[in-house]
Amino acid sequence: MNLLAPATIITPALNDGPVFIEAIVLIVLGMLAIAMIGCLVRLLIGPTLPDRVVALDLMGMFAVAVIAIFAILIGQPVLLSVCLVMGLILFLGTAAFALYLERRARP
């Protein structure tokens, strides 16, 4: 596999498949973009620090979803490993922040 070769955007499997699959993928990407904008708004104007952290974590999870969809579109399953690692790091970050908030709240 030549990693420097330009990747095709649509795999042959999707090209030969029904057109509605591409439409569904585009609709899902649009919905993820709208959700990410909502999370960005919450991140910027969130009233509390936990609200902002949850919004940031959710944006990361949406990014994982976008990467997974992109991996399906270009037919590169190696990107799914990136999604897995990114999801684990996001989970650990959120758990660490929750532990920090819990310890900070103690007198």
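Accessible area here comes from the Shrake-Rupley method with a 1.4 Å probe. On that basis, the chain in this predicted model exposes about 7600 Å², and carbon and sulfur atoms supply 78% of that area. Of its 107 residues, 20% count as buried. Here's a quick tour, from the overall layout down to single residues.

**Overall layout**

- You're looking at four helices and zero strands, so to speak an α-α-α-α run when you read from the N terminus.
- Among contacts in the chain with a separation of 6 or more, 53% come from residues 24 or more positions apart.

**The nonpolar core**

- Seven residues make up the largest nonpolar core: Val25, Leu32, Cys39, Met59, Phe62, Ile69 and Leu73.
- Two elements, α2 and α3 (49-74), each give two or more residues to this core.
- Helix α3 gives the most, with four residues.
- As a general point, nonpolar side chains tend to be buried together in soluble globular proteins.
- Take Leu32, one of the core residues: leaving out residues up to four places away in sequence, Leu32 touches Phe62, Ala65, Val66 and Ile69.
- Of those partners, Phe62 and Ile69 are also listed in the core.

**The cysteines**

- Cys39 has a relative accessibility of 7%, and because buried means under 20%, Cys39 counts as buried.
- Cys83 comes in at 8% relative accessibility, so Cys83 counts as buried too.
- How many disulfides are there? The count comes to zero, with a pair of sulfur atoms needing to lie within 2.5 Å to qualify.

**A nonpolar patch on the surface**

- Not every nonpolar side chain is tucked away: Ile37, Leu40, Val41, Leu44 and Ile45 form a patch on the surface.
- Together, these five residues have about 490 Å² of accessible area.
- Ile37 lies in helix α2, which covers residues 19-45.
- Is Ile37 buried or exposed? With a relative accessible area of 53%, Ile37 is exposed, because the cut-off for that label is over 50%.

**Phe91 in the last helix**

- Phe91 lies in helix α4, residues 78-105.
- The relative accessible area of Phe91 is 53%, so this residue is exposed as well.
- Which residue pairs up with Phe91 in the C-alpha separation given here? It's Asp57: the two sit 34 residues apart along the chain, and their C-alpha atoms are separated by 8.0 Å.

Key. Residues are numbered from 1 along each chain as its sequence is written. This is a predicted model: local features need pLDDT of at least 70, side-chain atom pairs count only at pLDDT 80 or more; totals for chains, interfaces and linings use all residues. Side-chain values use heavy atoms; hydrogens and water are left out. Patches are made of residues with over 30% relative accessible area and no salt bridge: like charges are joined within 9 Å, nonpolar side chains (Val, Leu, Ile, Met, Phe, Trp, Tyr) within 5 Å. A salt bridge is a side-chain nitrogen of Lys or Arg within 4 Å of a carboxyl oxygen of Asp or Glu. Buried means under 20% relative accessible area, exposed over 50%, partly exposed in between (1.4 Å probe, protein chains only). Contact means heavy atoms within 4.5 Å. A nonpolar core is a set of buried Ala, Val, Leu, Ile, Met, Phe, Trp, Tyr and Cys residues joined through side-chain atoms within 4.5 Å.
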